[in-house]
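Please open the structure in your viewer and keep the selection panel at hand. The tour moves from one selection to the next and says what is found at each stop.

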Amino acid sequence: MSYKDIEHKVAQTRKQRLQAVEEVKKLITAELIKADLPGEVVGRPKHYYSIYHKMQDKGIQFDDVMDLLGVRIITDSVQHCYAALGAIHSLWTPIPGEFDDYVAMPKHNMYQSLHTAVIGPQGKPLEVQIRTTEMHRIAERGIAAHWKYKEKNKPADKHDKQLLWLQQLLEWQQNLKDPREFLRSIKTDLFTAEVYVFTPKGEVKSFPQGATPIDFAYSIHTDVGHQCVGAKVNGRIVSLKYELKNGDIIEILTLAKHTPSRDWLKLVKTSRAINCIRHWLKVEQRQRSITLGKEICEKEMRRNSINLGKLEKTGKMLELAKQLSFQNVGELMAAIGYGKVSARQMVSRLVQTQSVPPAKDKSKFKQMMRKLTLPAGRRVKIEGLDDLLINFAKCCNPVMGDKIIGFITRGRGVSIHRVNCSNVISLSADPERQIEVEWGPKLEGTQPVGIAVLSGDRPGLLAEITEAISKTTANILTANIHTTEEKQATHQFVVEVNDLKHLNKIIKSIKQIKDVLKVERVRAA
């Protein structure tokens, strides 16, 4: 019904609009000749959906659609585009807030044009688009209309911005196997409002509204995104949750050993950042599963007096993997780590096919006496189990001395939580996954812990806080500071601590500083 209504109204005014467009074309052509500017002036028909969208978006009637009457100027260079814009504005009064410069700041799909609206002849609004022939070709036929021919003696320009979007499409296509996810990635970049920010060197970058410093970091390089720990906006440190605004100057802070967090997926808006984070998490999860699978496999083989290393050297493990429809041993180990393949069944098959005699049962007492050695340099005792991969939950970051509890996970071994962790309540709903754990002998090593400090806002306070932390021989990994209108400051630190006693010493040291209102332990982002 809306379509039929707009179609009828457009048809009713068609004759008058054509006459008005011809009159405008003559006036503009005369003005361009007067200014000695080359250019072709053509009428710009308005699509029905575009009219409907503007009426819905701005809440106006058909007669109030500003650019129902429009023309387009096609010239030969960017300089002449801006010169033509000046000629139009000298001929008619521009309407405030209706100018867009997509030449200096192109859209994600490389669309470029100057858009302006003026009060035209007889006091009617008129929209004018100004672009070069090349810009018009891309606007009408898409990015594929632009092709850079490589001459034999002229190397291709690696920084050709016209082809960057195509390169991104190819990258997404390689990383994203699901066609629906690939389509969502394209829509994210094509159909969102944009903000324009600057690098410290003055380069302009565009992002969807709601984008964060993490999006900016990944736009520079994948490694910069992975190692991003914070950002400076207009010279001030901000959190990674900060939403970029037009005109911001962004500087990314990185740490070499830092890695992405799954929580980042809730913060980022650009397809590139989403895809890079997901790809890293997928690779990381697969590597964890391979490690866990190998641990489980070695444990089961020891029970049967089978040496995994020897089987791998002789190629028998590869033969077994292929018999089970896996390309290599790594895929088999990953499947065991994910829980898709039983290590016991695999060893039974190995014993049958390779004629390996089963071993005698080992003493359960010896198994219970074993301790789990951790890569981080600590030991955790797990009653009744040995040689099992564990990881410290990032939601609560337990440290030596905390009361802890373990939960068996799929693909990541045993996850260690603090007993007062908020996630423990939901995990406790499945008692079969719960397992008793305790700290073993302490070895050298540190654990990252988050500390939040609420204080007044005064000069030198940050320096006093960092000095108090340093005096306890703790290393600061990251620091994010934010000030409020109420003249208060929130400080978010991630520090490396030896144990719970060391952490309490740090908190006590900070609390003794003047103007510090509150200090608490939080999640290490």
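**First stop: strand β5 and its partners**

Begin by selecting strand β5, residues 114–119, where 5 of the 6 residues are buried, so the strand is largely enclosed by the rest of the structure. Bear in mind from here on that the model is a predicted one.

Extend the selection to strand β6, residues 125–132, which runs antiparallel to β5 and is joined to it by 6 bridges. Within this pairing, V118 stands opposite L126 of β6. If you then follow the hairpin formed by β5 and β6, you pass through the 5 residues between the strands, and there Q122 takes a positive phi near 60°.

Two further strands pair with β5. Strand β3, residues 93–94, is antiparallel to β5 and shares 2 bridges with it, with T93 placed opposite I119. Strand β4, residues 100–101, is likewise joined to β5 by 2 bridges in the antiparallel sense, and here D100 faces H115 of β5.

**Second stop: aromatic pairs**

Next, display the aromatic side chains; over the whole structure there are 5 aromatic pairs. Select Y102 and Y111, whose ring centres lie 6.1 Å apart with the planes at 65°, so this pair is classed as edge-to-face. Both Y102 and Y111 are buried.

Then move to F392 and W439, where the centres are 5.8 Å apart and the planes meet at 20°, so that the pair counts as stacked. This pair links distant parts of the chain, with F392 in strand β14 (residues 390–392) and W439 in strand β18 (residues 437–439), 47 residues apart. F392 is buried at a relative accessible area of 16%, and W439 is also buried, with a relative accessibility of 16%.

**Third stop: an open sheet and two helices**

Now select strands β19, β20, β21 and β22, which form an open sheet of 4 strands in the order β20-β21-β19-β22, with antiparallel pairing. Because β20 (475–483) and β22 (516–522) stand at the edges and have a single partner strand each, one side of each is left without a neighbour in the sheet. From one strand to the next, the twist averages 20°.

To look at one pairing in detail, keep β19 (residues 447–456) and β22 on display, since these antiparallel strands are joined by 6 bridges. In that pairing, A452 has E520 of β22 as its bridge partner.

Add helix α17, residues 461–471, which packs on the sheet and touches β19, β20 and β21 (488–497), its direction making about 20° with that of β21. Helix α18, residues 500–511, can be added after that; α18 lies across β19, β21 and β22 and runs at about 160° to β22.

**Fourth stop: salt bridges**

Finally, turn to charged side chains: a search of the whole structure gives 8 salt bridges. Where do the partners D515 and R458 lie, and how far apart are they in sequence? Their side chains meet in a salt bridge with an N to O distance of 2.5 Å. D515 belongs to the loop between α18 and β22, and R458 to the loop between β19 and α17, so the pair ties together parts that are 57 residues apart in sequence. D515 is partly exposed at 31% relative accessibility, as is R458 at 23%. Include E464 in the selection as well, because salt bridges with shared partners join R458, E464 and D515 into one network.

Select R523 and D263 next, whose side chains form a salt bridge at 2.7 Å, N to O. The two partners come from distant parts of the chain, R523 from the segment after β22 and D263 from the loop between β11 (250–254) and α10 (271–303), with their positions 260 residues apart. R523 is partly exposed, with a relative accessible area of 38%, and D263 is partly exposed at 27%.

For a local counterpart, go to helix α5, residues 133–141, which holds both E134 and R137, 3 residues apart, or about one turn of the helix. Their side chains meet in a salt bridge of 2.3 Å, N to O. E134 is partly exposed at 29% relative accessibility, and R137 is partly exposed at 32%.

Definitions and conventions: Residues numbered from 1 in each chain as written. Predicted model: local features only at pLDDT ≥ 70, side-chain atom pairs only at ≥ 80, totals over all residues. Heavy atoms only, no water. Pairing = 2+ DSSP bridges. Axes fitted to C-alpha atoms, helices over the stretch in contact; angles between N-to-C directions. Contact = heavy atoms within 4.5 Å. Salt bridge = Lys/Arg side-chain N within 4 Å of Asp/Glu carboxyl O. Buried < 20%, exposed > 50% of the residue type's maximum accessible area, 1.4 Å probe, protein only. Phe/Tyr/Trp six-rings, centres within 6.5 Å; stacked < 30°, edge-to-face > 60°.
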